[in-house]
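Please open the model in your viewer and keep the sequence panel at hand. The tour below proceeds from one selection to the next.

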Amino acid sequence: MTTAADPLSKPLSLGIRGRLILWFVLGAVGAVFFGGIVVYISGLSTIQGTLGQTYCQIASRVVGQFESRVRTETAFIQGIATDVLTTEVAMEAFEIYDGRPAPWLQVRNDRLTKEWRDAAARVGGSSQLHPQLSHRLAILARLKEGLVGALFVVDLHGAIIAASNPPQDRVIGDLSWYRALTQKSDHFVYVDLDRQAGALTVAAPVWGGINIVGYVVGSYRFDQLVDVIDGVRFGNTGEAVLVDYAGVPLSGRGQPLLVQALAERPEAGITSQQNVADGNSPYWVTLSDDRGPFFWQRLVCIARTLAINGLRDRFQLPPWAVVVTQAPVESYAVLRNSLGFFALAGAVGVVIVGLGGAFIAWHITTPLQQLQEGVRRFARGVRDRAVEVSTSDEIGELAAEFNRMAARVSASESELRAFARAVEDAADAMVLMEPDGRIYYVNPSFETVTGYGTGAVHGESLSLLDAGAALDHTSRSRWNELRDAIGGELTWRGEVLARRANGDMFPIDVSISPIHGENGDVVALVAIFRDITLAREYQQSLESEVEARTREIAETQGLTAMGRMASMIAHDLRNALSTVKMNLQILFRRSSESDDGSRESCEMGLEQVRYMEEILRDMLSYARPDRLQSDWHDITPIIDETLAAFDHRIREHGISVTRDDAQALPKIYGDRVKVMAVLRNLVDNAIEAMSDGGTLNVSTHMVLSEDPTVQIVISDTGVGISEDTLADVFEPFFTTRTKGTGLGLAIVKRIVDQHGGDVSIESKEGAGTRVTFHLPTVSAE
């Protein structure tokens with residue numbers, strides 16, 4: 001019988017060292033390979049980004065130069081169109097032929113064409129054109145010799161009025177640019193290329209007042225205008241080309257590769273008219289180049305000629321763009337050289353790593369022995385000493401992983417201890433029971449809540465807390481449900497009435513849940529319960545509060561009904577008082593001044609009528625509050641007007657008025673009449689409180705908050721209000737005066753509340769009263 005040898009005690013063979021060397025070499029080769037890929041990708045991205053920006057800078061500069069040239073020539077044509085002589089000649093033709101029927105104009109054009117050709121056969125035909133304007137156009141064309149092919153003025157019906165040099169025909173044929181011009185009735189500049197003739201056509205309208213009376217047309221040599229683009233060369237292969245929306249070069253000088261790439265790669269984003277037109281900034285894309293490797297992509301930058309495209313877009317002409325590119329072999333030369341040097345350095349590194357691996361293999365037995373000793377200590381149960389990691393290779397990783405495993409075991413034990421501590425420190429009582437309901441664990445909170453210690457409940461059931469015969473029918477049913485849940489190993493939650501160890505009854509909220517093992521069987525039951533005595537008391541308090549509020553609502557509804565009845569009664573009484581007042585006034589006017597008794601009786605009667613009217617007005621105002629008519633108002637003029645209304649009474653009582661108004665107060669948003677009613681009630685109360693004179697102070701201030709308000713304070717030095725009646729002053733019909741309805745301050749509070757403000761009162765008997773209220777400065781809508 002043979003015994004298997006311990007693999008860690010077996011001496012290492014040369015095979016292991018060979019495999020280690022091979023692993024080092026393969027790792028080095030892989031590192032070089034993937035490093036080369038990283039260098040290629042990062043270098044390619046950097047070069048493409050840098051060159052793309054460079055190409056786009058070139059494209060932007062070239063577009064600017066080309067557009068500057070075209071802009072100069074369009075301004076030149078517009079200058080001719082606005083010239084006085086051009087306008088007069090075009091107006092003359094317009095006035096002659098305007099309103100003529102189309103057949104007549106066709107006959108005229110046919111006659112002009114025939115006469116022009118006959119005259120051209122004899123003397124050159126230019127004598128039929130306007131001599132002065134044609135002479136001026138010829139001079140202007142010679143000033144731009146080599147650039148301008150021809151300048152001519154056309155009327156609205158296609159006849160040439162003047163030209164820098166005699167044209168082939170006197171009447172414009174069915175040319176696309178002429179058809180496009182005749183469709184416009186507003187300001188425009190027409191720019192388009194005749195590829196067959198190699199000429200750029202620029203046209204502008206001639207205005208006679210508010211009407212177009214003709215057109216000035218210039219034919220430019222396109223190769224002279226576009227030489228700022230075709231002349232761009234950088235490196236050996238870099239170039240700039242003006243292309244149309246399909247990617248076809250307009251100047252005919254593009255490389256065949258570029259033309260083919262633009263035509264065959266719509267996904268590159270430059271052959272589609274939409275993609276060329278989208279975006280205001282130059283952008284660069286990449287194209288595959290068939291003459292090089294697939295991973296060397298050609299960089300192409302596209303820049304739109306925005307100004308020219310804006311002119312062309314008015315005639316639904318396709319946009320133009322400038323394309324800047326360079327051959328990939330030249331664009332990526334630096335990256336290609338860098339990759340070559342990297343490959344050479346990588347080969348040298350592989351050799352060095354192979355030699356280093358051979359050296360390391362001879363010394364690898366030391367970490368293996370250290371790992372072997374650590375595993376044996378772990379098997380013996382010694383787990384407080386980590387294995388020393390002396391290398392960073394696979395053996396070192398294995399030792400490190402072993403240490404991490406030991407750390408995870410320690411962490412798991414710590415988590416279990418933390419969970420046990422959480423159960424021990426929980427505020428709720430927690431009970432663990434066997435599946436048959438016998439208690440085998442309770443936490444300290446259980447003793448705090450129930451008074452039963454761990455020893456007293458071990459092996460018992462939760463029936464220990466059952467109050468027995470002291471329970472009513474409902475509580476008894478709950479306890480039966482709890483026992484059924486424990487017996488049936490079910491989840492249950494409810495409230496029961498329990499008994500503490502000292503015999504006191506208290507309500508608890510109980511939650512029972514089964515704990516399942518790995519095979520799904522119930523291995524234990526957990527019960528969590530808390531004392532809800534305080535919650536029950538709070539609930540009863542809330543119910544009492546709801547009942548009180550319900551009674552208040554009922555009383556309020558009764559007051560509302562009484563208010564409606566008071567409103568009806570006050571309305572009828574006011575009509576009767578009006579009749580009494582009118583008769584007293586008549587008697588007062590008829591009584592003679594000598595009859596002092598009659599006049600005095602009338603005055604007393606009128607005074608009582610006015611008093612009753614005030615009472616009725618207060619009752620109606622409180623019983624039928626009007627909706628606010630809010631607007632923006634300055635508070636200071638309202639206060640001034642209110643004080644002016646009480647000026648006679650203020651002087652009569654010997655009261656001095658002081659003001660403390662803040663500067664630059666914002667306007668309030670409220671009902672001016674209602675606000676004045678608040679001020680009248682408060683000022684009237686203050687005057688009544690100072691029958692022997694005193695000081696009335698009115699102050700206003702700005703209160704900064706989330707919604708700024710204006711604070712108005714009215715204070716007096718009168719008799720004041722006693723502390724026991726101060727809390728009731730805003731109640732309706734409450735008054736301490738012998739006369740009055742007690743509705744004044746109630747109306748004040750209602751109006752301020754309607755505005756979204758607040759009102760408060762401070763008073764001390766014998767020291768005066770201070771009323772403060774706030775009004776909004778922003779609309780609540």
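Begin with V25, which counts as partly exposed because its relative accessibility is 25%, and a residue is called buried only under 20%. This residue is found in helix α1, which spans residues 14–81. Now add G349 to the selection: V25 and G349 are 324 residues apart in sequence, yet their C-alpha atoms are 9.4 Å apart in space. Please bear in mind throughout that this is a predicted model.

**The whole chain**

Next, display the full chain as a cartoon. Its secondary structure comes to 24 helices and 22 strands. Of the 781 residues in the chain, 39% are buried. If the surface is switched on, the accessible area comes to about 44000 Å², and 55% of this belongs to carbon and sulfur atoms. Among contacts between residues at least 6 apart in sequence, 61% join residues at least 24 apart.

**The open sheet**

Select strands β1 to β5. They form an open sheet of 5 strands with antiparallel pairing, in the order β2-β1-β5-β4-β3. Which strands lie at the edges? They are β2 (160–163) and β3 (190–194), each of which pairs on one side only. From one strand to the next, the twist averages 25°.

Within this sheet, focus on β1 (residues 148–155) and β5 (residues 211–221), which pair in the antiparallel sense over 7 bridges. To inspect one bridge, select D155 and its partner in β5, G214.

**Aromatic pairs**

Now show the side chains of the aromatic residues. A search of the whole structure finds 10 aromatic pairs. One of them is formed by F188 and F315, edge-to-face, with 5.4 Å from centre to centre and 80° between the planes. F188 is in the loop between α5 (176–182) and β3, while F315 is in the loop between α10 (306–313) and β10 (321–325), so that the pair links parts of the chain 127 residues apart. F188 is buried because its relative accessible area is 4%, and F315 is buried because its value is 8%, the limit being under 20%.

A further pair to select is F222 with W320: the ring centres are 6.3 Å apart and the planes stand at 65°, so the pair is edge-to-face; the cut-off for that class is over 60 degrees. F222 lies in helix α6 (residues 222–225) and W320 in the loop between α10 and β10, so this pair ties together parts 98 residues apart in sequence. Are these two residues buried or exposed? Both F222 and W320 are buried.

Return to F188 and F315 and add Y190 and Y215; ring pairs link these four residues into a cluster.

**Charges over rings**

Keep F315 selected and add K184, whose charged end sits over the ring of F315, 5.3 Å from its centre. Then move to W104, where R100 lies over the face of the ring at 4.5 Å from the ring centre.

**A hairpin**

Finally, select β13 (residues 492–499), along which the side chains alternate. W492, G494, V496 and A498 point to one face and are buried, whereas R493, E495, L497 and R499 point to the other face and are not buried. Strand β13 pairs with β14 (residues 505–516) in the antiparallel sense over 8 bridges. R493 stands opposite S511 in β14. The two strands, β13 and β14, form a hairpin with 5 residues between them. In the turn, select G503, which has a positive phi of about 95°.

Conventions
Residues are numbered from 1 along each chain as its sequence is written. This is a predicted model: local features need pLDDT of at least 70, side-chain atom pairs count only at pLDDT 80 or more; totals for chains, interfaces and linings use all residues. Side-chain values use heavy atoms; hydrogens and water are left out. Two strands pair if DSSP finds at least two bridges between them. Helices (H or I, at least four residues) and strands (E, at least two) are DSSP runs, numbered from the N terminus. Axes are lines fitted to C-alpha atoms, for helices over the stretch in contact, and angles run from 0 to 180 degrees between N-to-C directions. Rings of Phe, Tyr and Trp (its six-membered ring) pair if their centres lie within 6.5 Å; planes under 30 degrees apart count as stacked, over 60 as edge-to-face and the rest as tilted. Buried means under 20% relative accessible area, exposed over 50%, partly exposed in between (1.4 Å probe, protein chains only). A charge sits over a ring if NZ of Lys or CZ of Arg is within 6 Å of the ring centre and within 35 degrees of the ring normal. Contact means heavy atoms within 4.5 Å. Accessible areas come from the Shrake-Rupley method with a 1.4 Å probe; for residues, only the protein chains shown count as cover.
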